[in-house]
Amino acid sequence: MALKLRTTCFWDVDIMKMDKEKDKFFIISRILEYGTMEDVVSLLSEYDSEEIVEVVKRTRIIGRATANFWGLVLNIPRSEITRCLEPEDFHLRR
C-alpha cells in the first residue's frame, strides 16, 4: 500500500493486510478521527476530496465533533452529514 499508515490510527488491525481501495472507507474514517496533520496530508495525496466527502457523509466511525470539523473544512452542509450525527439511540426509535 502506498499510503503511509501509522499504528496509532490502526492499533487493532494489521496494516500490512489493508488494501487501499477495499478498505478505503475504514482508512479514511480512522485517519480523519485519529490522524495527525501529516496523516491527513498523506490521505489527501492518495484519495481525492470527493471520496473523503462521501466518507464524512456516511460514516458512523467518526465522532460528532470530527464530523462537524471535516464538514466545515470540506464545505459539506450539516444536513448531509447524517450517519454520525444521528442520536446514539436512533436505532431504538425506529
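Modeller: Contact here means heavy atoms within 4.5 Å. This is a predicted model, where local features need pLDDT of at least 70, side-chain atom pairs count only at pLDDT 80 or more, and totals for chains, interfaces and linings use all residues. Residues are numbered from 1 along each chain as its sequence is written, and side-chain values use heavy atoms, with hydrogens and water left out.

Biologist: Among contacts in the protein between residues at least 6 apart in sequence, what percentage joins residues at least 24 apart?

Modeller: Start with the contacts whose two residues are at least 6 apart in sequence. The part of these that joins residues at least 24 apart comes to 45%.

Biologist: In what order do the elements run from the N terminus on?

Modeller: Helices (H or I, at least four residues) and strands (E, at least two) are DSSP runs, numbered from the N terminus. The protein has four helices and zero strands. So, reading from the N terminus, you get α-α-α-α.

Biologist: How do helix 1 and helix 3 sit, roughly parallel or roughly perpendicular?

Modeller: Helix 1 (residues 24-34) packs on helix 3 (residues 49-58) at an angle of about 80 degrees, with 10 Å between the axes. The axes are lines fitted to C-alpha atoms over the stretch in contact, and angles run from 0 to 180 degrees between N-to-C directions. Angles under 35 degrees count as roughly parallel, over 145 as roughly antiparallel, 65 to 115 as roughly perpendicular and the rest as oblique. That makes this pair roughly perpendicular.

Biologist: What arc around the axis do the buried residues of helix 2 cover?

Modeller: Buried means under 20% relative accessible area, exposed over 50% and partly exposed in between (1.4 Å probe, protein chains only). In helix 2 (residues 37-46), D39, V40, S42 and L43 are buried, while M37, E38 and S45 on the other side are exposed. The arc is taken from the directions from the helix axis to the C-beta atoms. The buried residues share a side of helix 2 because their arc is only 160 degrees.

Biologist: What phi does N75 have?

Modeller: N75 is in the segment after helix 4 and is exposed, with a relative accessible area of 68%. Most residues other than glycine have a negative phi. N75 is not a glycine, yet its phi is positive, at about 60 degrees.

Biologist: What separates the C-alpha atoms of P77 and K57?

Modeller: P77 also lies after helix 4 (64-73) and is partly exposed, at 39% relative accessible area. P77 and K57 are 20 residues apart along the chain, and their C-alpha atoms are separated by 9.4 Å.
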